[in-house]
Amino acid sequence: MSPSEGTDPPEPAADADLPVVAPQLRALRRRASLTLEAAARAAGLSPAHLSRLETGQRQPSLPMLLTLARVYGTTVSELLGETVPERDAVLRAGDMEPTRAGGWTYWQAGAPGRGMQALRVHVPYGSQGDIVRVHPGEEWLYVLKGRLRLRLGDAAHLLGPGDSAHFDSLTPHRIAAADDDGADLLFVHTLLQSPTAALCLGPTTPETTHG
């Protein structure tokens with residue numbers, strides 16, 4: 001996921017909602033043996049912007065957390081410092097605690113440490129996560145409620161409840177809520193098993209209008 005060179009995606013100012021994100025970002029980048037410059041390039045950010053995320057001066061959005069999770073070969077849960085005592089095949093609804101990141105709300109719908117990550121996501125209307133993205137892997141989504149605008153390459157799709165999409169993440173893509181109430185969806189994406197695999201990310205251009 002790479003915005004055009006020299007342009008960082010807008011991120012909300014830091015607050016108390018995600019107090020452990022900053023130290024986790026730095027620790028996981030170092031664990032992946034990536035310099036600040038290399039990690040920023042792979043994530044489509046400037047080194048200065050990534051440094052602000054690592055020092056807690058800015059708060060990453062959920063799409064940015066997904067990007068960094070792929071770059072570092074980990075999960076959003078680990079980036080947020082969440083721990084699960086045991087990896088269980090069954091995850092009960094009562095154990096799914098909501099997490100907010102950059103206006104998006106998500107619930108873990110799968111166990112950590114797997115080759116893919118499953119989330120239940122609420123996409124608000126007009127969120128700053130509305131950016132065209134390109135990265136290795138696959139994504140699958142299923143609309144639970146509301147309507148979702150999905151742009152894949154040059155094609156624009158409007159998805160309603162019960163509709164789904166499964167696509168190669170190297171196809172430039174963007175998702176955005178079509179209605180004021182936002183959209184709820186199930187979202188599954190593959191995780192990079194090697195942090196260096198993320199270095200093949202291609203450039204994209206931020207967009208601020210709904211496709």
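Which residue just after α3 takes a positive phi? Select Gly-56 to find the answer, for Gly-56 follows directly after α3 and has a positive phi of about 80 degrees. What is on screen is a predicted model, and the tour starts with its confidence before moving through helices and sheet.

**Confidence**

Colour the chain by pLDDT: the mean is 75, and 71% of the residues reach 70 or more. Among the elements of the chain, strand β6 (residues 155-159) has the highest mean pLDDT, 96, while β1 has the lowest, 76. Now select residues 1-7, where pLDDT stays under 50 and the model has 29 contacts beyond four places in sequence. Over residues 193-211 the pLDDT is likewise below 50, and this stretch has 55 contacts in the model beyond near neighbours in sequence. Where pLDDT is low, the predicted coordinates should not be read in detail.

**Helix α3**

Go back to α3 by selecting residues 47-54, and show the side chains of His-49, Leu-50, Leu-53 and Glu-54, which are buried. Looking down the axis of α3, you will find these buried residues within an arc of 140 degrees, so they line one face of the helix. To see what this face packs against, add α1 (21-31), α2 (36-43) and α4 (62-72) to the selection.

**Helix α1**

Next select α1, whose buried residues are Val-21, Ala-22, Leu-25, Leu-28 and Arg-29. Around the axis they cover an arc of only 140 degrees, and therefore they lie on the same side of α1. Turn the view to the face pointing away from that buried side, and the exposed residues Arg-30 and Arg-31 come up. The buried residues of α1 have α2, α3, α4 and α5 (76-79) as their packing partners. Just after α1, Ser-33 is worth a click, as Ser-33 takes a positive phi of about 60 degrees.

**The sheet**

Now display the strands, where an open sheet of 6 strands runs in the order β1-β2-β3-β9-β4-β7 with antiparallel pairing. At its edges are β1 (99-101) and β7 (164-168), each of which pairs on one side only. On average, neighbouring strands of this sheet are turned by 25 degrees against each other, direction ignored.

Select β3 (residues 116-123) together with β9 (residues 183-190), an antiparallel pair joined by 8 bridges. Within this pair, Val-123 has Ala-183 of β9 as its bridge partner. With α4 added to the view, you can see this helix packing on the sheet, where α4 touches β1, β2 (104-108), β3, β4 (138-145) and β9, and its direction makes about 10 degrees with that of β9.

Moving on to β4, 6 bridges join this strand to β9 in an antiparallel arrangement, and Lys-145 has Asp-184 in β9 as its bridge partner. β4 also pairs with β7 in the antiparallel sense, here over 5 bridges, and in β7 the bridge partner of Trp-140 is His-166.

**The core**

For the last stop, turn to the largest nonpolar core, which has 43 residues, and select Leu-50, Leu-68, Tyr-72, Val-121 and Leu-141, the members that touch the most others. The element that gives the most to this core is α4, with 8 residues. Leu-50, one of these well-connected members, is already familiar as a buried residue of α3. Finish by centring on Val-121, which, leaving aside residues up to four places away in sequence, touches Leu-62, Trp-104, Thr-105, Tyr-106, Ala-183, Asp-184, Leu-185 and Phe-187.

Key
Residues are numbered from 1 along each chain as its sequence is written. Side-chain values use heavy atoms; hydrogens and water are left out. Buried means under 20% relative accessible area, exposed over 50%, partly exposed in between (1.4 Å probe, protein chains only). Helices (H or I, at least four residues) and strands (E, at least two) are DSSP runs, numbered from the N terminus. The arc is that of the directions from the helix axis to the C-beta atoms. Contact means heavy atoms within 4.5 Å. Two strands pair if DSSP finds at least two bridges between them. Axes are lines fitted to C-alpha atoms, for helices over the stretch in contact, and angles run from 0 to 180 degrees between N-to-C directions. pLDDT is the predictor's confidence in each residue, from 0 to 100. A nonpolar core is a set of buried Ala, Val, Leu, Ile, Met, Phe, Trp, Tyr and Cys residues joined through side-chain atoms within 4.5 Å.
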